[in-house]
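I opened this notebook to record, step by step, what I looked up in the model. The entries follow the order in which I went through the elements.

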Amino acid sequence: MIINHPLLGPRDAQEFTYLGDAGLINRPYWLSDNAMRGFHDYLHLRDNPAGLHRELWFHEQGDRSWLVVTRDTTTHEITKVELARDVARAKRTAEATQ
Amino acid sequence: MRYSALRLIKESLIGHKGWGAQWRDPDPKDAYDYVIIGGGGHGLATAYYLAKEFQGARIAVLEKGWIGGGNVGRNTTIIRSNYLLDGNEPFYEFSLKLWENLEQDLNYNAMVSQRGILNLVHSDAQRDAARRRGNAMLLNGSDAMLLDKEGVRRLYPFLNFDNARFPIKGGLLHPRGGTVRHDAVAWGYARGADQRGVDIIQNCEVTGFKIKEGRLLGVETSRGYIGAKKVGVSVAGSSGRVMAMAGMRLPIESHVLQAFVSEGLKPFIPGVITYGAGHFYCSQSDKGGLVFGGDIDGYNSYAQRGNLPVVEDVVESGMSLIPGLGRARLLRSWGGIMDMSMDGSPFIDKTLIEGLYFNGGWCYGGFKATPAAGFCFAHLLKTGRPHETAKAYRLDRFMTGHIIDEKGQGAQPNLH
């Protein structure tokens, strides 16, 4: 697989390590009333879709950035690559303006 | 029809015209007491034991494609009972005992071959861990022998003992472990279940569940609606997809694992060898091909094929352990989809939906569990209570803290 890094261009997937579902960016708030259930679900439960999957890859052998890669789990085709910090910031901005 | 040597002689005289089909090809009925989703090893074993041991009646097995076409036909055929933890080892020992009597029970030649499994150790720390694991195995009625370097050399003189980075210091031998002809397991259970009245319905894909007020009423399939009192899901690799239809999220990710077979060679590996310094294991099939595998690819996948970096990694590990491997040509490689669970251990449990039961999350170790998983799942379906050896395989164990993490990796499925 080739991951088209937003800053560095096309890089071999071997340079990266895989963490999992991009939902792992969204940590539950630890002081909320149902934090126990929230962290259980956050840590252990997965959507695990067959088809498009947004997932976290770490460019360990490169610039050590975290990426959010959109990939089809039935074909391994990668359709979108974003910097994870951009995804997280966009989410925070969206939450702040609500 | 009972298979025997006498029967074989008789058939050979009349041109093998009297064998007939091994199981029927029935159309689905309107309703069953028990519906098992998934006609793989586990599903067929569940139906077999449900009919034979637990006097279940009106049972159907629904299979999307053809029986035995999933992971039971794609694995590397190893059976073993060499686990460490209390939640696991009694279960796998129970499974190995069922394997030992499988062919007599099924009247089917599954080529169960207890040729011994050797886990190599390369350091003092690994030897300590092997001794501890061996003792845990002995305490649970399994068998284990700690071998020194010379003991390993007597068994496998061709290994790379003096590898500068990972010299072989010994190994933990599990003599009752071995290999089985994997397809014959599915066929044997199918035939046995069919003889006891189980309807095995192929080309019948489940497309949805009918659930009313928290109670399961039946399943929608590509061949029409089928009512059911109890439904057992046993669909390794597709667990996430099937349970999503019932609105459940699972502590499982689907990953691809590759396996490999070399060209046929004269007998040279009598047992199963696993490398202690990399993820690599190897045995030789009765046809002569070296059957080997290694790590999962490490990313979510439903593609049933892997990528080349892992091929390179597995073959490198193999070459560093068995230098002679380099003279053999690789014949085939393929991939299968694994339910990788959050602690590397499986689930055999009821769900919050009444009448819906789940068996899955076997990671890449489901084949060896086939008989016991079938037996324990049948026990759960019939009695509503977990079998004694499978009581740790609960879906809520991450909430209660009773995780069974053999490798101590935490909730990171691609590391188990």
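**Entry 1: strand β4 of chain B**

I began with strand β4 (residues 117-121) of chain B, where 5 of the 5 residues are buried, so the strand is largely enclosed by the rest of the structure. I note at once that this is a predicted model, and I read every value below as computed from it. Looking at the two faces of β4(B) separately, I found both covered, with B:Ile117, B:Asn119 and B:Val121 buried on one side and B:Leu118 and B:Leu120 buried on the other.

I then looked up the partners of this strand. β4(B) pairs with β6(B) in the antiparallel sense over 5 bridges, and B:Leu120 has B:Gly171 as its bridge partner in β6(B). With strand β13 (residues 272-274) of chain B the pairing is parallel, and 3 bridges join β4(B) to it; here B:Leu118 has B:Ile273 as its bridge partner.

**Entry 2: the sheet around it**

Which order do the strands of the open sheet follow? I read 8 strands of chain B in the order β5-β6-β4-β13-β14-β15-β12-β16, and the pairing is mixed. At the edges I found β5 (145-148) and β16 (330-341) of chain B, each with a single partner strand, so one side of each is left without a neighbour in the sheet. Neighbouring strands of this sheet are turned against each other by 25 degrees on average, with direction ignored.

Helix α9 (residues 308-321) of chain B packs on the sheet, where it touches β12 (252-264), β14 (281-284), β15 (289-300) and β16 of chain B, and its direction makes about 135 degrees with that of β15(B). Going back to the edge strand β5(B), I noted that it pairs with strand β6 (residues 170-174) of chain B in the antiparallel sense over 4 bridges, and that B:Asp148 has B:Gly170 as its bridge partner in β6(B).

**Entry 3: helix α2 of chain B**

I checked the length of helix α2 (residues 41-52) of chain B against expectation: at 1.5 Å a residue, its 12 residues should span 16 Å, and its end C-alpha atoms are 16 Å apart, which agrees. As to burial, 11 of the 12 residues of α2(B) are buried, so the helix is largely enclosed by the rest of the structure. Among the buried residues of α2(B) are B:Gly41, B:His42, B:Tyr48, B:Tyr49 and B:Leu50.

What do the buried residues of α2(B) pack against? I listed β1 (31-37), β2 (59-62), α7 (182-195), β11 (224-233), β18 (356-360) and α10 (370-383) of chain B.

**Entry 4: the domains of chain B**

Chain B is divided into domain 1 (22-78 + 182-251 + 343-415) and domain 2 (114-178 + 253-340). The C-alpha centres of domain 1 of chain B and domain 2 of chain B lie 29 Å apart, and the contact takes 17 residues from domain 1 of chain B and 17 residues from domain 2 of chain B. I sorted the residues on the side of domain 1 of chain B that touches domain 2 of chain B into 6 nonpolar, 10 polar and 1 charged.

**Entry 5: chain A**

Turning to chain A, I counted 2 helices and 6 strands, with the elements running β-β-β-α-β-β-β-α from the N terminus on. Its C-alpha atoms fill a box of roughly 45 × 30 × 25 Å along the principal axes, and of its 98 residues 16% count as buried.

An open sheet of 4 strands in chain A has the order β3-β4-β5-β6, with antiparallel pairing. Within chain A, β3 and β6 (78-83) stand at the edges, each with a single partner strand, so one side of each is left without a neighbour in the sheet. I also noted that β4(A) pairs with strand β5 (residues 66-72) of chain A in the antiparallel sense over 7 bridges, and that A:Arg54 has A:Thr70 as its bridge partner in β5(A). Helix α2 (residues 84-96) of chain A packs on the sheet, touching β4, β5 and β6 of chain A, and its direction makes about 75 degrees with that of β6(A).

**Entry 6: where the chains meet**

Last, I looked at the contact between the chains, in which 18 residues of chain A are in contact with 21 residues of chain B. On the chain A side, β3 (17-21), α1 (35-44) and β4 (52-58) each supply at least two residues, and the largest share, 3 residues, comes from α1(A). The residues of the side of chain A that touches chain B divide into 5 nonpolar, 10 polar and 3 charged.

Terms used: Residues are numbered from 1 along each chain as its sequence is written. Chains are lettered from A and ligands numbered from 1 in the order in which they are written. This is a predicted model: local features need pLDDT of at least 70, side-chain atom pairs count only at pLDDT 80 or more; totals for chains, interfaces and linings use all residues. Two residues are in contact if their C-beta atoms, placed from the backbone, lie within 7 Å. Ala, Val, Leu, Ile, Met, Phe, Trp, Tyr, Cys and Pro count as nonpolar, Asp, Glu, Lys and Arg as charged, and the others, Gly among them, as polar. Domain bounds come from an automatic or database domain assignment. The expected span of a helix is 1.5 Å times one less than its number of residues. A residue is buried if 20 or more other C-beta atoms lie within 10 Å of its own, exposed if 12 or fewer, and partly exposed in between; C-beta atoms are placed from the backbone. Two strands pair if DSSP finds at least two bridges between them. Axes are lines fitted to C-alpha atoms, for helices over the stretch in contact, and angles run from 0 to 180 degrees between N-to-C directions.
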